[in-house]
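Colleague: Can you take me through this model? I'd like to start with the ligand and then move to the cysteines.

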Amino acid sequence: MITLLDYGAGNVRSVRNAIGKLGFTVHDVTSPEDVLRAECLVFPGVGSYGSVMERLQRDGFIEPLIERIQSDKPVLGICVALQALFEGSEESPGVAGLGILKGQVKRFSDPTLSVPQIGWNGLNLRKQSALFSKYNGEKYYFVHSYRATLSLEDQDWLLSSTNYGEEFVSGVQRGNVTAFQFHPEKSGEAGLTLLGNYLKSKGNSLTISTDTVSRGFRETKVAKRVIACLDVRSNDTGDLVVTKGDQYDVRDNGEVRNLGKPVELARRYYEEGADEITFLNITGFRDFPMEDQPMLEVLRKTSENVFVPLTIGGGIREFTDSNGKEYTSLDVAAEYFRSGADKISIGSDACYAAEEYLKTGRKTGKSSIEQISNVYGAQAVVISVDPRRVYVKSPEDTEHNTIKTVFPGPGGEEYCWYQCTVRGGREGRDLDAVQLASSCEALGAGEILLNCIDKDGTSSGFDFELVNHVKNAVSIPVIASSGAGSTTHFVDVFRETDAEAALAAGIFHRREVPIRAVKEAMEENGIEIRK
Ligand code: 1PR
């Protein structure tokens, strides 16, 4: 029996599912007394530091948690829960942490690296632990903008460190109290094994004698991610299917292309080694997700068997239903997170928010990006950009950010800008991709999913010019998307750009290129991967 501290924030469903998958029964904490009584307590920290501490405070969990940790009863903390052990964090100034460990958690500071760190990174084991008795360089999934370091007096807690520009604490353990900065429940088989080791020992993370402690200092490296994307919509007979467009046109002879069932395909991609799965509800701009229960069900079912990060997009915006009930975009996102999403992606609504922001240069706190980021953290908010090229003869012909392109336009134009679109590419806006990406970063987005309508479904390779153009304008991670047709295209996009991840749909759905082959090609070319 494992007791889960689910205080209603973020995606706790994945932790619950992972524990269930490992054959353990989950009992929920319902009162502060349960925190003390539990045999083995799992404490997932999802969201911003301030919101996690606020919820713990609200529910009266802070005192019992401190007491439990001080009396060395088994606790496993995940992500922000590791940070919560400290006195506070730069993320939420003035908010007190549990204060078990000295010092403040700080933001990553290397200006050459994207923040948040989103991706799979390794560990340097600093202590012999039964949890890692067979550690062989596996990578685990990290997603965070803030990182902890230990004061001299707390060094005995150090279980593992990881490098991201600087070395930070990725695992702490003393006696029966363990915490990881990464997400074992989202780290595929390696994560499940680690979690299983913990649960089997009932949290009694006995230190044993093995030779797995890293010999000497090995710098860990974050992997470039390979993402499988599933565009989902109802077909003409009302079934929810995975479809795929050619330059966003998903119909063949008038029928919506049907490339498979969402839950089954997502599972296949997980088993084949996808580092993340993205679902885009491509009719989300006109359907309302809270009424679109099948999509939520897809997410719930997928998260039962898929233990890598899940992103979902489509229809994240405020909405008033036919009964006049109002939903904020935060309500919509919360439903997605509760159903198993780790990140949400915002398309059309991000364009409207960016346009408002560009008019005044002021943040109102009301946009969907700000609302969701404030509660769930920037790392949970992805912006899906749907741009297409607009060619011009000279940069002076437009107010927009242009590039000189090596692929001239139909009239020989040597310059172009990337016009953002809404409603699934149907409507162009007076907004370019750089304006959108940088405004959304300022509003609190944590990642850019950079599609390209011109390239979508063409199998002709990614648009490097677009990726570099946007990547140079932001300091958050960028996912290159649209146009993948071969393993070489993945190698090339990571060579020619600094994108942190590359996403593809058609070639995986049509079984033209296995995900394993993509990873092998990347590895052969010296690109860091998660094996
Ligand atoms: O506007 O917040 O409701 O979100 C709607 C979401 O649905 C947006 O993220 C938008 O990108 C997506 N979307 C809307 N219509 C379409 C369409 O195809 N008709 N799909 C669509 C976007 C692009 C990628 C695709 C890559 C890779 N699809 O997701 O998977 O281009 O494809 P490839 O590897 O086959 O080239 P909102």
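Modeller: Here is a short run through the ligand site and then the cysteines. This is a predicted model, where local features need pLDDT of at least 70, side-chain atom pairs count only at pLDDT 80 or more, and totals for chains, interfaces and linings use all residues. Residues are numbered from 1 along each chain as its sequence is written, and side-chain values use heavy atoms, with hydrogens and water left out.

Colleague: How many residues surround the ligand?

Modeller: There are 25, counting a residue if one of its heavy atoms lies within 4 Å. The closest are Ser348, Ser384, Asp386, Asp456 and Ser482.

Colleague: What classes are in that shell?

Modeller: Eight are nonpolar, 13 polar and four charged, with Gly counted as polar.

Colleague: Which polar backbone atom is 2.9 Å from a ligand oxygen?

Modeller: One of glycine 506. For glycine 315 the distance to a ligand oxygen is 2.8 Å, and for glycine 457 it is also 2.8 Å.

Colleague: How much of the ligand does the protein bury?

Modeller: 98% of the 770 Å² that the ligand exposes when taken alone, using the Shrake-Rupley method with a 1.4 Å probe.

Colleague: New topic. How many disulfides?

Modeller: Zero, where a disulfide is a pair of cysteine sulfur atoms within 2.5 Å.

Colleague: Why is cysteine 420 not bonded to cysteine 351?

Modeller: Because their sulfurs are 4.9 Å apart, too far for a bond.

Colleague: Is cysteine 420 buried or exposed?

Modeller: Buried, at 0% relative accessibility; buried means under 20% relative accessible area, exposed over 50%, partly exposed in between (1.4 Å probe, protein chains only). Cysteine 351 is buried too, at 2%.

How values were computed:
Polar contact = N/O pair within 3.5 Å; in protein donor to acceptor, adjacent residues only side chain to side chain.
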